[in-house]
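Here is a short briefing to read with the model open beside you. Take the topics in any order that suits your bench work.

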Amino acid sequence: MTPKEAVDFAKKNDAVVVDLKFTDLFGAWQHFSVPISELKEDLFEEGLGFDGSSIRGWQVINASDMLVIPDPATAVMDPFCQAPTLSLVCTIVDPITKERYSRDPRNIAQKAEAYLQSTGIGDTAYFGPEAEFFVFDDVQYELNHHSSMYCVDSVEGSWNTGRYEEPNLAHKPRHKEGYFPVSPNDTLQDVRTEMMLLMEEAGMVMECHHHEVATGGQCELAMRFASLTRCADNLMWYKYIVKNVAKRHNKTATFMPKPLFADNGSGMHVHQSIWKDGKPLFAGNGYAGMSELGLHYIGGILKHSRALAAIVAPTTNSYKRLIPGFEAPVNLAYSSRNRSAAIRIPMYSPSPKAKRIECRFPDPSCNGYLAFSAMLMAGLDGIENKIDPGEPLDKNIYSLGPEELAGIPTLPASLEEALDELENDHDFLLKGDVFTQDLIEQWINHKRENEIDELRVRPHPMEFHMYYDI
């Protein structure tokens, strides 16, 4: 869609407000709205000003002025606004130099796509995330100097089988048995359908939706793959629509990786492939129908996985999910069909166009623009340096003994460890000025000071259970 087409689209839909959305460094959508009178074709070149110092991880107060530049190709009508509202996704530029802002995640995604093209390896990187989430009926949490607590609840929760509900109608999925039940066990069919239809209205191609493994309302909607930046835009819409539809039904949705103890967490398996001139480059005659280029891409992902973890599993809660022996793969191996490996090669179709890899350790708390870009850069490093991924591991990794596991590297056990890895291994991200040293330092420092340290200094209820009577 061109600027003129975006303006005409707004008129056709009787829009009276324009909502300008952009993504902060850590993956949350920010926005402000202007009257439709501001929507002129020159808006897509000149942009509008805002205070960049009020956005997490961005500008200092003495250099706060920034511009949002809307992308006309992202024009859709926002389905949650009372007044007809045109939504535009924006990139950020410096108002003085007109250069794109190095800490703008969408800019990084666009630079990653440009870097791929500059290498001559391919012209398009496709990504397809499977973002899981929970839909709860009640969430409470509190922390202060003398107490802390959290409590999540769901009408589906297996812990509620004995609760008086006037009446309790049972049919609550047991722990780890929530995958694909029909109603009445699955109470969220209509909610997910509403989410899926709104995603289609927003221009996303959807494939299916279903209940996920955990009790307590875990769900997933499958979206069709798209080019890197477009896919990251879609992921932002995905989260926005999921949360707002849940609210419409007096429920609340979260992409927190591990909100429940002793049940499956929410992952985001990310399918990815590279194409050139309309042809898939991962298909070949090697292991699992992979090309040598595709295997080298896997080699790059595996080599840099421990550093990638700081970006694709970027919260302290992520490492409550990435626990050895549980459902999320922590062992850095690859395989065909084997879901216990960190990288799986799906075998659903013999078509070369379907040949891709699935990276299984990311989770939906990540910033899609950064996560997809970082994985692409790691894979390209593997291709450029012909990194051998080693032998595939087709056994069930969870059933291997200590001696067999000893030779398999693992993901970091904590966000702190992952940030240390990123600090020591990020040169592959700096190629083509895709990521900058400034951004990586800001990411690491913010995570350490505002997440790790904040958690470290607070007593935990489990510590009272273990230590109060010593």
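**A charge over a ring**

The charged end of Lys-21 lies over the ring of Trp-29, at 5.5 Å from the ring's centre. Please keep in mind that this is a predicted model. Lys-21 turns up again among the salt bridges, where its side chain meets that of Asp-19. A second lysine is placed in a similar way: the charged end of Lys-447 sits over the ring of Trp-443, 4.9 Å from its centre.

**Overall build**

- The protein chain contains 13 helices and 18 strands.
- For 470 residues, a compact globule would be expected to have a radius of gyration near 23 Å, and the protein chain agrees because its own value is 23 Å.
- Taken along the principal axes, the box filled by the C-alpha atoms is roughly 65 × 60 × 50 Å.
- Of the 470 residues, 53% count as buried.
- To get a feel for distances, try Tyr-287 and Leu-430: they are 143 residues apart in sequence, and their C-alpha atoms are 31 Å apart in space.
- Tyr-287 is found in the loop between strand E15 (279–280) and H6, and Tyr-287 counts as partly exposed because its relative accessibility is 21%.

**Salt bridges**

- Side chains of opposite charge can pair when their charged atoms come close.
- How many salt bridges does a search of the whole structure find? The search gives 28.
- One of them joins the side chains of Asp-19 and Lys-21, at 2.8 Å from N to O.
- Are Asp-19 and Lys-21 buried or exposed? Asp-19 has 3% relative accessibility, so it counts as buried, and Lys-21, at 2%, counts as buried too.
- Arg-224 and Glu-207 form another salt bridge, with their closest N and O atoms 2.5 Å apart.
- That pair links distant parts of the chain, 17 residues apart: Arg-224 is in the loop between strand E11 (218–223) and strand E12 (226–227), while Glu-207 is in strand E10 (residues 206–211).
- Arg-224 counts as partly exposed because its relative accessibility is 36%, and Glu-207 is likewise partly exposed, at 46%.
- Glu-421 and Arg-306 also form a salt bridge, the closest N and O atoms being 2.9 Å apart.
- Here the partners are 115 residues apart and tie together distant parts of the chain, with Glu-421 in helix H10 (residues 415–424) and Arg-306 in helix H6 (residues 292–312).
- Glu-421 has 24% relative accessibility, so it counts as partly exposed.
- Asp-153, Arg-163, Glu-165 and Lys-172 belong to one network, joined by salt bridges that share partners.

**Aromatic rings**

- Across the whole structure, a search finds 20 aromatic pairs.
- One of these is the stacked pair of Phe-464 and Tyr-468, with 6.3 Å from centre to centre and 20° between the planes.
- Phe-464 and Tyr-468 are both exposed.
- Phe-22, Phe-50, Trp-58 and Tyr-101 make up a cluster linked by ring pairs.

**A nonpolar surface patch**

- Which residues form a nonpolar patch on the surface? They are Met-462, Met-466, Tyr-467 and Ile-470, and together they have about 460 Å² of accessible area.
- Tyr-467 belongs to helix H13 (residues 461–467).
- With 44% relative accessibility, Tyr-467 counts as partly exposed.

**Backbone details to check**

- Most residues other than glycine have a negative phi, and most peptide bonds are trans.
- Glu-166 and Pro-167 are joined by a cis peptide bond, with omega about 0°.
- Another cis peptide bond joins Ser-183 and Pro-184, where omega is about 10°.
- Pro-167 is in the loop between strand E9 (148–153) and helix H4 (189–201), and Pro-184 also lies in the loop between E9 and H4.
- Asp-14, a residue other than glycine, has a positive phi near 55°.
- Asp-14 sits in the loop between helix H1 (3–12) and strand E1 (17–23), and its relative accessible area of 55% makes Asp-14 exposed.
- Ala-262 is not a glycine either, yet its phi is positive, at about 65°.
- The place of Ala-262 is the loop between strand E13 (252–254) and strand E14 (268–276), and Ala-262 counts as partly exposed at 38% relative accessibility.

Terms used:
Residues numbered from 1 in each chain as written. Predicted model: local features only at pLDDT ≥ 70, side-chain atom pairs only at ≥ 80, totals over all residues. Heavy atoms only, no water. Patch = residues over 30% accessible without salt bridge, like charges linked within 9 Å, V, L, I, M, F, W, Y side chains within 5 Å. Areas by Shrake-Rupley, 256 points an atom, 1.4 Å probe, with all protein chains shown as cover. Salt bridge = Lys/Arg side-chain N within 4 Å of Asp/Glu carboxyl O. Helix = DSSP H or I, 4+ residues; strand = E, 2+ residues; numbered from the N terminus. Buried < 20%, exposed > 50% of the residue type's maximum accessible area, 1.4 Å probe, protein only. Phe/Tyr/Trp six-rings, centres within 6.5 Å; stacked < 30°, edge-to-face > 60°. Lys NZ or Arg CZ within 6 Å of the ring centre and 35° of its normal. Rg over C-alpha atoms; globule rule 2.2 N^0.38 Å.
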